[in-house]
Amino acid sequence: MKEQEYFNVADIFGENVFNDSVMRERLPKKTYQKMKEVISQGRELDPETADVVAHEMKEWAIEKGATHYTHWFQPLTGVTAEKHDSFITAPMSNGKVLMSFSGKELIKGEPDASSFPSGGLRATFEARGYTAWDCTSPAFVRQDAAGATLCIPTAFCSYTGEALDQKTPLLRSMEAVSKQSVRLLRLFGNTTSQRVMPSVGAEQEYFIVDRAKYLQRKDLVYTGRTLFGAMPPKGQEMDDHYFGAIRERIAAYMRDVNIELWKLGVSSKTQHNEVAPAQHELAPIYAEANVAVDHNQLIMETLKKVAGRNGLQCLLHEKPFAGVNGSGKHNNWSLVTDDGINLLEPGKTPHDNIQFLLVLACILRAVDEHADLLRESAADVGNDHRLGANEAPPAIISVYLGEQLQDVLTQLIDTGAATHSISGVKLETGVKTLPDFMKDATDRNRTSPFAFTGNKFEFRMVGSQDSVGEPNIVLNTIVAEAFADVCDILEKAEDFDLAVHDLIKQLVTDHQRIVFNGNGYSDAWVEEAERRGLPNIKSMVEAIPALTTDKSIALFERFGVFTKAELESRAEVEYELYAKEINIEAKTMIDIAGKQIIPAVIKYATELGTSINTIKAACDADVSVQTELLVEVSDLLADTKVALAKLQEVVAEGLTMEENESRAKFYHDEVFKAMEELRAPVDTLEMLVDKEAWPMPSYGDLIFEV
């Protein structure tokens with residue numbers, strides 16, 4: 001084991017980021033002031049300033065070893081994309097080469113848009129697309145085996161202006177919620193705050209397995225999850241992995257991940273073992289929503305890249321192993337002014353905090369009226385395996401407020417006024433050497449999909465491999481709508497105090513059905529939610545239509561976040577994505593079953609039959625055990641072959657369908673069912689066949705031998 005190198009985090013944090021301190025140091029004072037205005041006030045960057053910034057950015061990047069630059073963007077593939085160009089401009093007459101980088105190259109790029117998902121917005125032959133610099137998210141230098149590259153975070157749109165990415169509508173939604181939040185603040189006499197930013201912290205869960213074992217599992221290689229696999233004798237039932245001591249191999253990996261992230265200015269804060277064996281979590285400190293979305297993409301890229309260097313493999317799929325917990329991404333969301341006021345801070349006496357109560361009531365309305373849209377924002381193929389599986393939030397959207405705020409709301413509903421708030425009490429440990437401390441007035445509820453946790457809401461539905469862009473686009477927009485509607489009423493009120501009091505009471509009364517503080521895992525809640533009229537959207541295919549309802553189109557067009565065409569295109573992309581991913585999984589199962597599992601079982605059964613005949617020929621011994629095992633294995637082998645043929649048949653039928661929506665529904669209803677039917681006999685066979693004869697590492701090998 002190599003000798004450990006120690007360092008001060010403060011010395012390396014952000015060293016590869018073209019951040020405010022670098023700009024202040026390197027840019028002329030006038031240019032720096034213009035950049036600050038562009039970033040803080042949303043002004044347009046003029047060409048002269050852009051040229052100066054580009055030159056200094058290039059010089060700084062070259063000092064870091066960069067040879068190329070790229071516009072780093074987030075198309076609708078779920079991952080990032082980039083095209084690299086060197087700083088070389090042209091050879092000179094003296095044999096040297098000129099290195100340059102213009103403001104035009106900084107601000108705009110032109111990747112080929114024809115091969116990215118567009119949902120029909122662009123025909124395949126219409127290739128032009130544009131990337132545009134998002135100067136509110138700092139550029140950075142990424143250092144890896146390819147050398148060093150200057151990465152410029154950008155938005156990505158089509159030749160005709162439609163958004164083809166996650167960043168463009170996110171920035172639009174941030175402007176919308178800021179504008180409406182400022183309107184609301186002005187009603188309460190705040191004349192100093194100029195902007196309100198959604199603040200986001202995305203906790204990232206992931207699995208780590210040995211890379212050599214991973215490469216022996218073609219299902220993991222092709223799909224990111226195990227399509228076959230029997231549970232080992234031990235799973236997670238002992239709860240010994242959660243927050244347990246981190247193994248040295250994993251700790252060394254986590255250290256390398258942290259160093260990479262800290263250099264990139266990502267505030268990796270918390271790391272620990274999660275519930276399932278081989279499962280872990282990384283959590284950053286909060287950042288503005290667009291920066292947080294970029295940072296989460298960097299976190300996922302870094303987790304995967306550093307794993308490979310350490311002989312490991314990072315699995316970001318929501319459910320890589322059946323029978324143990326899957327992975328999610330908790331999206332912690334709040335609203336903070338440019339002068340540091342958190343709109344979701346209740347204070348010590350929330351019943352007296354009228355502004356907070358109005359904000360809270362608006363959020364309840366937003367979540368209740370657009371529960372289907374919020375659920376859709378967390379829909380992806382892998383998340384279907386996780387949501388509602390007693391390890392993650394149920395597929396039913398509800399809001400957890402806790403005892404303190406629930407009591408305040410009950411007072412408002414019952415009496416029209418809230419006169420007191422439940423306070424935290426001193427928790428006495430009963431041990432003299434341990435300090436007594438004040439406990440919170442509210443517990444936490446891990447079964448809630450949308451929980452208030454002190455001064456923020458934690459949206460716990462998001463899948464581990466998914467971008468947090470879409471959930472924050474939805475959150476920002478639905479809250480902007482609620483704020484706009486209450487401002488329209490209150491700005492016309494003759495008696496503001498009376499009007500705001502009545503409006504809060506009306507909102508919490510009208511939308512109290514969305515509040516649920518109990519056990520979201522219970523069957524009783526499913527029945528209760530149905531009585532309340534709350535939607536229970538169990539799959540991605542069922543969730544997608546929420547994008548294109550008249551209500552959703554009106555919402556997003558009202559605030560300029562999406563056009564109708566952009567929403568329809570996203571729905572098409574998601575239907576197509578679902579069918580393609582399930583098709584890949586199904587074909588992978590067919591490939592593994594036909595080429596690996598069935599041949600291995602035939603070989604084992606043949607050896608078993610040979611053994612029986614050999615023993616019978618040698619002596620008159622009892623071979624009933626071997627015979628019984630041979631019959632059982634042969635019967636399961638026959639079941640496997642029948643199920644394999646059925647899966648091949650339905651996959652072939654699915655490929656004949658042309659419409660994305662009908663194909664996605666068919667894959668959900670028929671192909672996925674056939675996949676489960678093939679898996680059942682194979683997983684039983686794994687428990688019967690000699691381990692040495694089984695063609696791939698088992699669950700036990702993967703999750704316990706890391």
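**Exercise 1.** Classify the accessibility of arginine 172 and of its salt-bridge partner, glutamate 566.

*Solution.* Step 1: arginine 172 has a relative accessible area of 23%, so it is partly exposed. The classes are buried (under 20% relative accessible area), exposed (over 50%) and partly exposed (in between), with a 1.4 Å probe and protein chains only. Step 2: glutamate 566 has 2% relative accessibility, so it counts as buried. Step 3: their side chains meet at 3.1 Å, N to O. A salt bridge needs a side-chain nitrogen of Lys or Arg within 4 Å of a carboxyl oxygen of Asp or Glu. Step 4: place the partners. Arginine 172 is in helix 6 (residues 167–187) and glutamate 566 in helix 19, 394 residues apart, so the pair links distant parts of the chain. Helices (H or I, at least four residues) and strands (E, at least two) are DSSP runs, numbered from the N terminus.

The model is predicted: local features need pLDDT of at least 70, side-chain atom pairs count only at pLDDT 80 or more, and totals for chains, interfaces and linings use all residues. Residues are numbered from 1 along each chain as its sequence is written, and side-chain values use heavy atoms, leaving out hydrogens and water.

**Exercise 2.** Compare the two salt bridges that involve helix 2 (residues 20–26).

*Solution.* Step 1: aspartate 20 and arginine 24 meet at 2.6 Å, N to O. They are four residues apart in helix 2, so about one helical turn separates them. Step 2: check exposure. Aspartate 20 is partly exposed at 23%. Arginine 24 is also partly exposed, at 48%. Step 3: arginine 26 and glutamate 56 meet at 3.7 Å, N to O. Glutamate 56 lies in helix 4 (residues 47–63), so this pair ties together parts that are 30 residues apart in sequence. Glutamate 56 counts as buried at 19%. Step 4: set the pairs in context. The whole structure holds 34 salt bridges.

**Exercise 3.** Two residues other than glycine, phenylalanine 243 and alanine 278, have positive phi. Is each buried or exposed?

*Solution.* Step 1: phenylalanine 243 has phi near 60 degrees. Its loop runs between helix 8 (218–223) and helix 9 (248–263). At 55% relative accessibility, phenylalanine 243 is exposed. Step 2: alanine 278 has phi near 75 degrees. Its loop runs between strand 10 (268–273) and strand 11 (279–284). At 4%, alanine 278 is buried.

**Exercise 4.** Which residues touch the most other members of the largest nonpolar core?

*Solution.* Step 1: define the set. A nonpolar core joins buried Ala, Val, Leu, Ile, Met, Phe, Trp, Tyr and Cys residues through side-chain atoms within 4.5 Å. Step 2: the largest core has 132 residues, and Leu401, Leu647 and Val671 touch the most other members. Step 3: helix 19 (residues 564–618) supplies the largest share, 18 residues. Step 4: look for another core. A second, separate one has 36 residues, including Met254, Met300, Leu312 and Val324.

**Exercise 5.** Locate aspartate 134 in the fold and along the chain.

*Solution.* Step 1: aspartate 134 sits in the loop between strand 6 (129–133) and strand 7 (140–144). Step 2: its relative accessible area is 6%, so aspartate 134 is buried. Step 3: leucine 171 is 37 residues away in sequence, and the C-alpha to C-alpha distance is 9.0 Å.
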